[in-house]
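Reader: I am new to this structure and would like to learn how to read its features. Please take them one at a time.

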Amino acid sequence: MAADSLSAQMRSAAAVLLTALDGEQHALAARSFDDDAARRWLEYRPLPRPGVCIAELSGAARKAAHRLLATGLGDHAYAQAMVIVALEEVLDRREGWQQGRHSGDYWVAVFGDPAGDQPWSWRFEGHHLSVTMTVAGDEVSPAPVFLGANPARVSYAGQPVSRPLAPEEDLARALLDALGPAGRASAVVSARAPGDIGSGTRPRAPEDMEPLGVDATGLSPAPRAMLSQLVALYLERLPAGLAAREAARVSAGELYFAWAGPTTPGLPHYYRVQGDDLLIEYDNTTADGNHAHTVLRRPRSDFGDDVLGAHYRQAHA
């Protein structure tokens, strides 16, 4: 394993974090890799979760947790994540300080031993942010990656002050425009948006969610390129090497784009993109279309199922 490989960076960051925790915190953060219920956990509501709470950590341990998170995200996605974390304070103010939301209400957990030779994983998660990475040898499996925002948009005099998931909405709307009337007729699968992303908090994401929507193979070059850009936007939440690997894998298969809800900006809406072991979902359907959820999932490979399968096959060859 190269000292500068992504897996090595994650091992080093996880080790620094675990060393910075005191005894009780270490017991909360260091979990068994065999605890599937805790390891295959995905939650984007403000609920208790496995791990140790960032608010309870020392400054050094809190910084170590953020450095671990940063190993799993590209620069722009890490910036989005930090805005999402800070929005907890904005939301608490909007709710009249009644819920006690705070930017320290994020949790980190490490499953297995980063210094050992067996598979291990880590997760950084709280309200509207969940990032899970699984490591087996030098291979990193990157999903699920969930980013949400409430409020999704804060404006002054009609101009956005904060809109952390703007590219995710704007590029999809540009794709809708580029599809033209016939393409939109295939892509818009419902006049009403669902209440949330369809995969929800399930530990296994569904494959081939119906209706599929418009097939990329039937699109003209301009909208097809735009759909590829939308997929790239989500894949490039990952570090560059992982993003390139995933892009090469996805580009070889079929892609489908589906939209639900009105196409007028400001109204509740939803879209998804599906491909080979790929599910992208976006919704902005509550708080009058000002509360967004977005997720990148791999239905057959979430929580490291791909690298774990390869590891166990090799171990028992």
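Author: What follows treats a strand and its partners, then an arginine in a loop, then a pocket and a cavity. Note that the model is predicted.

Reader: Let us begin with strand 5. How many of the residues of strand 5 are buried?

Author: A residue counts as buried when its relative accessible area is under 20%. In strand 5, residues 129–136, eight of the eight residues are buried, so the strand is largely enclosed by the rest of the structure.

Reader: Which residues of strand 5 lie on one side, and which on the other?

Author: L129, V131, M133 and V135 are on one side of strand 5, while S130, T132, T134 and A136 are on the other. Both faces are covered, with all of these residues buried.

Reader: How should I read the pairing of strand 5 with strand 4? In which sense do the two pair, and over how many bridges?

Author: Look for the direction of the two strands and the bridges between them. Strand 4, residues 120–126, pairs with strand 5 in the antiparallel sense, over seven bridges. To find the register, take F124, which stands opposite V131 of strand 5. The hairpin of these two strands has two residues between the strands, and H128 there takes a positive phi near 75°.

Reader: How many bridges join strand 5 to strand 7, and how many are there in its pairing with strand 6?

Author: Strand 7, residues 145–149, runs antiparallel to strand 5 and is joined to it by three bridges. In this pair, L129 is opposite L147. Strand 6, residues 139–141, also pairs with strand 5 in the antiparallel sense, over three bridges. Here A136 faces E139 across the pair. Strand 5 and strand 6 form a hairpin with two residues between the strands, where G137 has a positive phi near 65°.

Reader: Now a loop residue. Where is R202 found, and is it buried, partly exposed or exposed?

Author: R202 belongs to the loop between strand 10 (188–190) and strand 11 (214–215). Partly exposed covers values between the cut-offs of 20% and 50%. R202 has a relative accessible area of 41%, so it is partly exposed.

Reader: What lies around R202 in space?

Author: Separation along the chain and separation in space are two separate things to check. R202 and L42 are 160 residues apart along the chain, yet their C-alpha atoms are separated by 7.0 Å. The side chain of R202 also has a polar atom 2.6 Å from the backbone oxygen of G198.

Reader: Next, the largest pocket. What is its volume, and which residues lie nearest its centre?

Author: Begin with the volume, then turn to the lining. The largest pocket has a volume of about 200 Å³. Its lining is made of 13 residues, and S228, A247, V250, S251 and L255 lie nearest the centre. Helix 7 (221–235) and helix 8 (240–251) are the elements that give two or more residues to this lining. Helix 7 gives the most, with five residues. By class, the lining has seven nonpolar, four polar and two charged residues.

Reader: How many cavities of 30 Å³ or more does the structure hold, and which residues line the largest cavity?

Author: There is one cavity of 30 Å³ or more. The largest cavity has a volume of about 70 Å³. Its lining consists of A152, R153, R163, L165, A166, E169, Y282, N284 and A292. Helix 6 (166–187) and strand 14 (278–284) each supply at least two of the lining residues. Divided by class, the lining has five nonpolar residues, one polar and three charged.

Notes:
Residues are numbered from 1 along each chain as its sequence is written. This is a predicted model: local features need pLDDT of at least 70, side-chain atom pairs count only at pLDDT 80 or more; totals for chains, interfaces and linings use all residues. Side-chain values use heavy atoms; hydrogens and water are left out. On a 1 Å grid over the protein atoms alone, a cavity is a set of points where a 1.4 Å probe fits but cannot get out, and a pocket is an open set with protein on both sides within 12 Å along at least five of seven lines; lining residues have an atom within 4 Å of a point. Grid points are joined across faces, edges and corners, and a volume is the space filled by probe spheres set on the points. Helices (H or I, at least four residues) and strands (E, at least two) are DSSP runs, numbered from the N terminus. Ala, Val, Leu, Ile, Met, Phe, Trp, Tyr, Cys and Pro count as nonpolar, Asp, Glu, Lys and Arg as charged, and the others, Gly among them, as polar. Buried means under 20% relative accessible area, exposed over 50%, partly exposed in between (1.4 Å probe, protein chains only). Two strands pair if DSSP finds at least two bridges between them. A polar contact is a pair of N or O atoms within 3.5 Å; within protein, one must be able to donate a hydrogen and the other to accept it, and residues adjacent in sequence count only if both atoms are side-chain atoms.
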